[in-house]
Amino acid sequence: MPPVTAQRVDRATAFTQLGTVRFDPFSLDPATRQLLRHGREVSLSPKAFQLLLLLVTNRERAMSKQELHQRLWPSTFVLETNLASLIAEIRRALDDDAAKPRFIRTMHRFGYRFIAQVEEPLMTAVETPSAAKYWVVWDLRHVPLAEGSNLIGRAADASVWIDATGVSRHHARILIDGDNATLEDLGSKNGTYVAGERVTNPRRLSDGDQIRLGSVVVTFQTPRVSVATETVS
């Protein structure tokens, strides 16, 4: 996973930080992981939501099936029909027609692309240190950590929600106490590792530490500078 620097937050990360993305009549909220239609929630499985978010945030280009597989099921072999099933689920939720698409277009023998017009959240300069002292970066998400306990896992109550193979429901937690950040494993099946060492006792974290949770690697960050301003037309 390429590192995400504090100097610049990409479009996908900004969506996660700044709120809802709208494409009439729908809105997509990465923070609450909800798809809404005219303010009412539309049911989507966690994987389907993740796929839709990937397509929306990368809509400037078509995404190949191979890339989508790598993002959705890292280090895991799954049948190609799994991806097609998720696309079908999203189309049902959006009331989209594969033959005459308004939202998801099939790029034959390649992959998929999101084609609807999106109303983006207005981005302004933000001082990240005042917004949050610490972050966990994973895939498209840049998750701020709050004072106290921050649960990491697949459970719905996780502060850092990671739906991936090998991650336990309550896998680990990061405890923020003022200027200290401590990582603890919560008896996970596949273990928690920092710098290749298994965490068996509470371990203090430093900026840039790579944390492995099963097959997933996340980065612990301490932002030090302002996020760059991006002007949205």
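This report covers the salt bridges of a predicted model and the solvent exposure of residues that form them.

The count comes to five salt bridges. Three of the pairs are listed below with the separation of their closest N and O atoms.

| Pair | N to O distance |
|---|---|
| lysine 133 and aspartate 179 | 3.1 Å |
| glutamate 184 and arginine 173 | 2.9 Å |
| arginine 203 and glutamate 197 | 3.3 Å |

The side chains of lysine 133 and aspartate 179 meet in a salt bridge. This pair links distant parts of the chain, with the two positions 46 residues apart in numbering. Lysine 133 lies in the loop between α5 (128-131) and β8 (134-138), and aspartate 179 lies in the loop between β12 (172-177) and β13 (180-185). Lysine 133 has 41% relative accessibility and is therefore classed as partly exposed. For aspartate 179 the relative accessible area is 58%, so this residue is exposed.

Glutamate 184 and arginine 173 form a salt bridge that also links distant parts of the chain, from strand β13 to strand β12, 11 residues apart. Glutamate 184 is buried because its relative accessibility, 17%, is under the 20% cut-off. Arginine 173, with a relative accessible area of 26%, is partly exposed.

In the pair of arginine 203 and glutamate 197, arginine 203 is partly exposed at a relative accessible area of 27%. Glutamate 197 also counts as partly exposed, at 48% relative accessibility.

Elsewhere, Arg61, Glu67 and Arg71 are joined into one network by salt bridges that share partners.

Conventions
Residues numbered from 1 in each chain as written. Predicted model: local features only at pLDDT ≥ 70, side-chain atom pairs only at ≥ 80, totals over all residues. Heavy atoms only, no water. Salt bridge = Lys/Arg side-chain N within 4 Å of Asp/Glu carboxyl O. Helix = DSSP H or I, 4+ residues; strand = E, 2+ residues; numbered from the N terminus. Buried < 20%, exposed > 50% of the residue type's maximum accessible area, 1.4 Å probe, protein only.
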